[in-house]
Amino acid sequence: MEATSSDPSLLVQSLILAASTHDLPAVRSLLLTVPAKVRDPETGITPLHACIASFESSTPATPSTPSNPPNGTSDGVNSHTYRKEELEDAAEIVRLLFRNGAIWNELDGKGETPGCVARRLGLEEIYGMVVEAGVRAELLFSRLGEYQVLAGGESEEEEEDDDEEYGGINGGVEEDARSPQDGQLATDNTADVNSADYLRSGLTFTEDKLLDDESNGVMMAWEKDIMQRTAELILPAPNLRVLNVGHGMGIIDTIFQEKNPASHHIIEAHPSVLDQMRRENWHDKPGVVIHEGRWQDVVPILVDSNTMFDAIYFDTFAEDYTALKDFFSEYVIGLLDPAGGSDGNGGVFAFFNGLGADRQVCYDVYGKISEMDLFQAGFDTEWETIDIPDLDRTGEWDGVRRRYWTLSKYKLPTCRFIG
Ligand SMILES: C[S@@+](CC[C@H](N)C(=O)[O-])C[C@H]1O[C@@H](n2cnc3c(N)ncnc32)[C@H](O)[C@@H]1O
């Protein structure tokens with residue numbers, strides 16, 4: 001196919017069509033004049049979407065086997081077998097589009113990213129390419145942020161431009177799953193919560209939820225299995241020293257208590273959570289030391305006083321990924337005993353892994369980024385997978401403003417010092 005017209009909208013349509021028919025020469029030639037990140041104004045489809053969605057109409061050479069779970073493989077990609085040549089052509093176009101600036105997490109009119117489409121259609125290799133592109137884009141995006149800080153920052157307008165240009169994971173907002181912008185891409189319009197607003201907000205405690213004054217879920221009882229398994233992994237024996245950042249509903253702290261720790265420090269910043277802790281007599285529990293305030297203010301004092309731990313858990317609310325990264329890059333090294341732990345081989349650090357948890361592709365990208373950042377900070381990370389039940393069916397979200405978790409698997413990280 002030849003790009004014969006200079007009409008911009010026709011050129012956009014031509015590129016989308018060429019991508020959808022896997023016409024490599026046409027895509028290559030059109031990319032000389034049309035940016036890879038264009039979208040069809042009506043459908044929101046980008047050339048990347050079109051290329052991947054073309055498999056919607058192609059019959060798999062081998063249908064998925066009955067043993068494949070309906071939700072997909074353990075990695076969450078539905079398993080199909082498509083014709084090899086077809087897949088190779090598509091992969092080549094996807095590669096070309098990414099090299100020319102295609103945005104990995106752009107939403108189409110149906111609210112799907114190219115990665116969502118690839119996953120839905122069982123295109124494992126292409127899904128992997130999207131995840132890799134996401135990791136590259138996010139790393140570049142965060143490095144650029146660092147350069148901007150070094151260069152003295154930039155105006156808000158310039159920052160917004162960069163967000164658009166690089167398609168930051170959540171339009172440039174990188175928050176954990178319980179933070180209302182997490183995993184939300186361009187079309188979502190839920191209000192965001194920042195740390196300062198949250199810490200001023202009123203809270204509602206019920207049997208199975210802790211909500212802020214806008215009904216955002218701060219903590220929910222369905223996470224109990226995650227907390228239970230985390231506690232088993234990081235505090236496997238009695239008489240160890242544990243630090244928990246973020247008390248919430250006290251689920252993990254209750255489990256830590258059952259393990260008879262030698263000392264049990266808790267950092268908590270929200271006045272209403274602290275009041276609730278007083279009502280529940282947390283100050284009188286064995287080994288418990290409560291630090292009232294934000295971890296950002298408390299942790300430097302603990303480091304200065306040489307207080308060491310065998311296990312550290314980090315699970316806050318309304319903070320972004322940079323807060324978590326700061327915590328493990330700057331402070332864990334001063335708090336986790338390298339000769340600690342149940343076997344004396346070093347303490348263990350874990351955190352609530354909820355980044356991007358309302359969209360599998362974002363969750364996978366963030367999993368890789370955090371693992372790389374942890375490695376750079378001196379940690380080896382192991383991941384354990386925990387099944388999450390269908391939370392819609394069990395009515396967990398009734399009365400909660402936003403489903404911050406939509407995935408069927410939780411990836412539990414445990415981090416130890418390298419070597
Ligand atoms: C998701 S909850 C923790 C849930 C807890 N893991 C459990 O098992 O119930 C987050 C907690 O972190 C607290 N928090 C948020 N930002 C904080 C900060 N900067 N420093 C300390 N605590 C913070 C919140 O007030 C909230 O109690």
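**Reading burial, backbone angles and the ligand site**

Biologist: Why does Gly-246 count as buried?

Modeller: Gly-246 has a relative accessibility of 16%, and buried means under 20%, so the term applies to Gly-246. The model is a predicted one. Gly-246 belongs to the loop between β4 and α10. Its C-alpha atom is separated by 7.1 Å from that of Ile-266, although the two residues are 20 apart along the chain.

Biologist: Why is His-270 called buried?

Modeller: The relative accessible area of His-270 is 1%. The limit for buried is under 20%, and therefore His-270 is buried. This residue is in the loop between β5 (263-268) and α11 (271-279).

Biologist: What does the side chain of His-270 reach?

Modeller: The side chain of His-270 reaches the backbone oxygen of Ser-201, at 2.8 Å. A polar contact requires a pair of N or O atoms within 3.5 Å, so the distance of 2.8 Å satisfies that limit.

Biologist: What makes Ala-339 exposed?

Modeller: Exposed means over 50% relative accessible area. Ala-339 has 54% and is therefore exposed. Ala-339 occupies the loop between α13 and β8 (348-351). The C-alpha atoms of Ala-339 and Asp-310 are 8.5 Å from each other, with their positions 29 residues apart along the chain counted as the separation.

Biologist: Why is Leu-121 called buried?

Modeller: Its relative accessible area is 9%; with buried defined as under 20%, Leu-121 is therefore buried. Leu-121 is placed in the loop between α5 (114-120) and α6 (124-150).

Biologist: What is notable about the phi of Asn-239?

Modeller: Phi of Asn-239 is near 65°, which is positive in a residue other than glycine. Most residues other than glycine have a negative phi. Asn-239 is in the loop between α9 (224-234) and β4 (241-245). With a relative accessible area of 60%, over the 50% limit, Asn-239 is therefore exposed.

Biologist: Is Ala-318, with its relative accessible area of 6%, buried or exposed?

Modeller: Ala-318 is buried, because 6% is under 20%. Phi of Ala-318 is near 65°, again a positive value in a residue other than glycine. Ala-318 lies in the loop between β7 (311-314) and α13 (321-335).

Biologist: Which residues around the ligand come nearest?

Modeller: There are 24 residues around the ligand, and Tyr-198, Gly-248, Ile-252, Glu-268 and Asp-315 come nearest. By class, the shell is made up of 11 nonpolar, eight polar and five charged residues.

Biologist: How do you know that a nitrogen atom of the ligand has a polar partner in the side chain of Gln-296?

Modeller: An N or O atom in the side chain of Gln-296 is 3.1 Å from a nitrogen atom of the ligand. The limit for a polar contact is 3.5 Å, so this pair qualifies. A backbone N or O atom of Trp-295 is 3.0 Å from a ligand nitrogen atom, and a polar side-chain atom of Glu-319 is also 3.0 Å from a ligand nitrogen atom.

Biologist: How much of the ligand does the protein bury?

Modeller: The ligand taken alone exposes 600 Å², and the protein buries 100% of that. The space taken by the ligand is the largest cavity. The elements giving two or more residues to the shell around the ligand are β3 (217-220), α10 (251-258) and α12 (295-304).

Terms used: Residues are numbered from 1 along each chain as its sequence is written. This is a predicted model: local features need pLDDT of at least 70, side-chain atom pairs count only at pLDDT 80 or more; totals for chains, interfaces and linings use all residues. Side-chain values use heavy atoms; hydrogens and water are left out. Helices (H or I, at least four residues) and strands (E, at least two) are DSSP runs, numbered from the N terminus. Buried means under 20% relative accessible area, exposed over 50%, partly exposed in between (1.4 Å probe, protein chains only). A residue is near a molecule or strand if one of its heavy atoms lies within 4 Å of it. A polar contact is a pair of N or O atoms within 3.5 Å; within protein, one must be able to donate a hydrogen and the other to accept it, and residues adjacent in sequence count only if both atoms are side-chain atoms. Accessible areas come from the Shrake-Rupley method with a 1.4 Å probe; for residues, only the protein chains shown count as cover. On a 1 Å grid over the protein atoms alone, a cavity is a set of points where a 1.4 Å probe fits but cannot get out, and a pocket is an open set with protein on both sides within 12 Å along at least five of seven lines; lining residues have an atom within 4 Å of a point. A molecule sits in a cavity or pocket if more than half of its atoms lie within 2 Å of its grid points. Ala, Val, Leu, Ile, Met, Phe, Trp, Tyr, Cys and Pro count as nonpolar, Asp, Glu, Lys and Arg as charged, and the others, Gly among them, as polar.
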